[in-house]
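Student: Could you take me slowly through one part of this model, the charged side chains that pair with each other, and then show me what surrounds them? I would like to follow each term as it comes up.

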Amino acid sequence: MATIQVSASSFPRDRTSAASKTRESHISVPKLPCTGNLIHELDRRNGLQTINSAEMKPLIRTNMINEEANGNWKAVEELYAIMEAVADRSEMHKNIGVQRDNWNRLLLNSVNGMTVTAATMAGLASLTGGDAPLLALKLSSTLLYTAATGILMVMNKIQPSQLAEEQRNAARLFKNLHQQLKTVIEVGRPGLNDVKAAMEKVLALDKAYPLPLLGTMLEKFPETVEPAVWWPREQQRSQQEETVGGGMEINNGWSEKLEEEMREVVRVLKRKDAAEYVRLSKLVLKVNKILAICGPFLTGVAAVGSVLDGSWAVAVGVVSGALATVVNTVEHGGQVGMVFEMYRSTAGLFQLMEETIESTLEEKDVGERENGELFKMKVALQLGRSLPGLQNLAATHSPSSPREFASKLF
């Protein structure tokens, strides 16, 4: 308590009071606490708890983390559902690929057996006396040739070896997507954008490698040959061209030198690898078209020759049947359609690498990119090169080196 002392000499003397005495007055005034302590004291007496701003920040951060964790768990659940669908698709494409490979072998053996049998009957017909045996052999030979012609037309239309290769590629790509999703869940922090990207990849693969034969089957003899596309095509970003550099700090493993190396790899892939495999695809497609036309044509000619009389007719029937057997063996036994699809898929792989590198370099915020050193290692592994070999490719390649390709795997 504070005490205020008041002396009587400070005031006029009272007539009734004694002049020699001095009167002291003691007045007690309570000492007021500071405002903050008063608020805390009132809250304490009322059973309330006061939280200051410093204590609020961890609570707000915890709530945000909990909300983010709930969103992550939802994304994880959705990614697991997508992974189950991807694993099922991979198994389906694998089984169907085996089935269509069996189609190719069984149909080829059946057609060749029918063609050889028909040619043998046509030859025996010329040596058989009597009208009944001669008619029976000629009719049997004609029927076998006709049946072989019809089956060949169907085989050449659907190309079973190419169908099998499509399903093998789809099974491999779905398996690869399954591993990517597994890595995202175990290592990364998945979000709704990851779920959306996974769905787009699944739908793109379904479109690139359809399961049904009718309606959605890929064209086996396209007018124009293009690389296979099994990934979602990214929308072109409408942003101004900017050069990273000029005193700007480069981090996250990226540098101007690494960016220039990646641009040179893209130029080599476009000029050499992708162009070469598109050229090979066109060449194989032309050969396959010729074989697909010649096979049914020869069996049709053999069927006509087996019906007619005369030595020349018999010779035409037998020789045409033998040539048809050779052509069918080359086309379907050699799996020319599978070779075309393999070249087309390889060209698509190079195009995917080009778009991946370009989209990464278009991201101006290097912090949002994948780590530069890790990205460079992935590109080197996909091309079958070592890191020094990749640097050497970017440093020494020029249009005057026609035999230098970016990929060492294909």
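**Charged pairs and their helices**

Tutor: D101 and R105 both sit in helix α2, where 4 residues, about one turn of the helix, separate them. Helices here are DSSP runs of H or I with at least four residues, strands are runs of E with at least two, and both are numbered from the N terminus. Before going on, note that this is a predicted model, in which local features need pLDDT of at least 70 and side-chain atom pairs count only at pLDDT 80 or more, while totals for chains, interfaces and linings use all residues. Residues are numbered from 1 along each chain as its sequence is written, and side-chain values use heavy atoms, with hydrogens and water left out.

D101 and R105 form a salt bridge, with 3.8 Å between their closest N and O atoms; the term stands for a side-chain nitrogen of Lys or Arg within 4 Å of a carboxyl oxygen of Asp or Glu. In general, side chains of opposite charge can pair when their charged atoms come close. The spacing also follows a general pattern: an α-helix has 3.6 residues a turn, so residues three or four places apart point the same way. R105 counts as partly exposed because its relative accessible area is 43%, where buried means under 20%, exposed means over 50% and partly exposed lies in between (1.4 Å probe, protein chains only).

By the salt-bridge rule the count comes to 14, and another of these pairs joins D206 and R89, whose side chains meet at 3.0 Å, N to O. This pair links distant parts of the chain, since D206 belongs to helix α5 and R89 to helix α2 (residues 53-125), with their positions 117 residues apart. With a relative accessible area of 23%, D206 is partly exposed, and R89 is also classed as partly exposed, at 24%.

Helix α6 gives an example of a pair within one helix: R279 and E276 form a salt bridge in which the closest N and O atoms are 2.7 Å apart. They are 3 residues apart in helix α6, which means that about one helical turn separates them. R279 has 44% relative accessibility and so is partly exposed, and E276, at 24%, is partly exposed as well. Salt bridges that share partners also join E259, R263 and R369 into one network.

Now look at the helix around that pair. The expected span of a helix is 1.5 Å times one less than its number of residues, and for the 52 residues of α6 this should give 76 Å, which agrees with the 76 Å between its end C-alpha atoms. Even so, α6 has a kink of about 45 degrees centred on L269, the bend at a residue being the angle between axes fitted to the seven residues ending there and the seven starting there. N288 is found in this helix, which covers residues 256-307, and N288 counts as buried because its relative accessibility is 1%. Leaving out residues up to four places away in sequence, N288 touches Q159, F221, E331, V336 and G337, where contact means heavy atoms within 4.5 Å.

One of those partners, E331, is also among the buried residues of helix α7. Helix α7 (residues 311-333) has 23 residues and reaches 32 Å from its first C-alpha to its last, close to the 33 Å expected. Just after α7, Q335 takes a positive phi of about 50 degrees.

Ahead of α6, in the loop that follows α5 (192-208), lies W230, which is buried because its relative accessibility is 9%. W230 and A204 are 26 residues apart in sequence, yet their C-alpha atoms are 5.5 Å apart in space. A204 is one of the residues that W230 touches, together with others including K201, L205 and L349.

Finally, place these parts in the whole protein, which has 10 helices and 2 strands and in which 36% of the 410 residues count as buried. Among contacts between residues at least 6 apart in sequence, 80% join residues at least 24 apart.
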